[in-house]
Each structure stands twice: as structure tokens, then as C-alpha cells.
Amino acid sequence: MAENRVVEGRMVTAVSLAELIEGEDVMDAESIVDADRDCPECGGDVLEVGYMPSITEFVTGMKCQDCEWATTDRE
Ligand SMILES: [Zn+2]
């Protein structure tokens, strides 16, 4: 599938990438896109994915493809 990307050497889908960022199961995730920024830790490429950790919440998460760095747009 075209949606699969490599993060830290592993293939991820939108949902599994969202779960990496969230640290637990998520309900649903949108497509993975390339974020318009570099990783602040290692300068690597950053992926972005919008996902729903619960039915009432929508979060945009970012994850470095090369290291453990991840963040979300939560306040
Ligand atoms: Zn990084």
C-alpha cells in the first residue's frame, strides 16, 4: 500500500503511526503526509498524521522517521 511509510526502520500505516505517537490504541487516522519541518532532535524527516484518539478528540501528531521524537498539537 502506498500509505505505508518507514519510521525508525519499521513499516507503519496511518493508524500504527498514530499509535506510536499516542502510545496507545487510536480509533481512526487520516493519511500520512510529509510535515513541513525537520526533526529538532536529529534533523530527520518528519511525518504528520491526523488521528482520533477518542470519538470526541482530533489530534495532529508528528513523528520523526529516524528517531524517537514525536509531538502533537495538544495544548
Ligand atoms: Zn529525529
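Me: Is Ile55 buried or exposed, and how many other C-beta atoms lie within 10 Å?

Reply: A residue is buried if 20 or more other C-beta atoms lie within 10 Å of its own, exposed if 12 or fewer, and partly exposed in between, with C-beta atoms placed from the backbone. Ile55 has 8 such neighbours within 10 Å and is therefore exposed. The structure is a predicted model, in which local features need pLDDT of at least 70, side-chain atom pairs count only at pLDDT 80 or more, and totals for chains, interfaces and linings use all residues. Residue numbers start from 1 along each chain as its sequence is written.

Me: Where is Ile55 found?

Reply: Helices (H or I, at least four residues) and strands (E, at least two) are DSSP runs, numbered from the N terminus. Ile55 is in the loop between S5 and strand S6 (57-64). From Ser16 it is 39 residues away in sequence and 17 Å away in space, C-alpha to C-alpha.

Me: Which elements make up the protein, and in what order do they run?

Reply: The protein has one helix and seven strands. Read from the N terminus, the order is β-β-α-β-β-β-β-β.

Me: Why can the protein be said to agree with a compact globule?

Reply: The radius of gyration is taken over C-alpha atoms, and the globule rule is 2.2 Å times the number of residues to the power 0.38. For 75 residues a compact globule would have a value near 11 Å, and the protein agrees because it has 11 Å. Along the principal axes, the C-alpha atoms fill a box of roughly 35 × 30 × 20 Å. Buried residues account for 25% of the 75.

Me: Which residues of the largest nonpolar core touch the most other members?

Reply: Nonpolar side chains tend to be buried together in soluble globular proteins. A nonpolar core is a set of buried Ala, Val, Leu, Ile, Met, Phe, Trp, Tyr and Cys residues joined through C-beta atoms within 7 Å. The largest one here holds 15 residues, of which Ala14, Leu17, Ala18, Ala29, Leu47 and Val49 touch the most other members. Helix H1 (14-22) and strand S5 (45-54) are the elements that give two or more residues to this core.

Me: Which residues of H1 are buried, and where do they lie around the axis?

Reply: The arc used here is that of the directions from the helix axis to the C-beta atoms. Ala14, Leu17, Ala18 and Ile21 are buried in H1. They lie on the same side of H1, because their arc around the axis is only 100 degrees. Their cover includes strand S1 (5-7), strand S2 (10-12), strand S3 (28-29), S5, S6 and strand S7 (70-72). Just after H1, Gly23 has a positive phi of about 85 degrees.

Me: In what sense do S4 and S5 pair, and over how many bridges?

Reply: Two strands pair if DSSP finds at least two bridges between them. S4 and S5 are antiparallel, with three bridges; Val33 has Glu48 in S5 as its bridge partner. The two strands form a hairpin with six residues between them, and Gly43 in the turn has a positive phi of about 80 degrees. Strand S4 (residues 33-38) is hardly covered, with zero buried residues among its six.

Me: Which residues does Cys67 touch, leaving aside those up to four places away in sequence?

Reply: Two residues are in contact if their C-beta atoms, placed from the backbone, lie within 7 Å. By this criterion, Cys67 touches Cys39, Glu41, Cys42 and Gly44. Cys67 lies in the loop between S6 and S7 and is partly exposed, with 14 other C-beta atoms within 10 Å.
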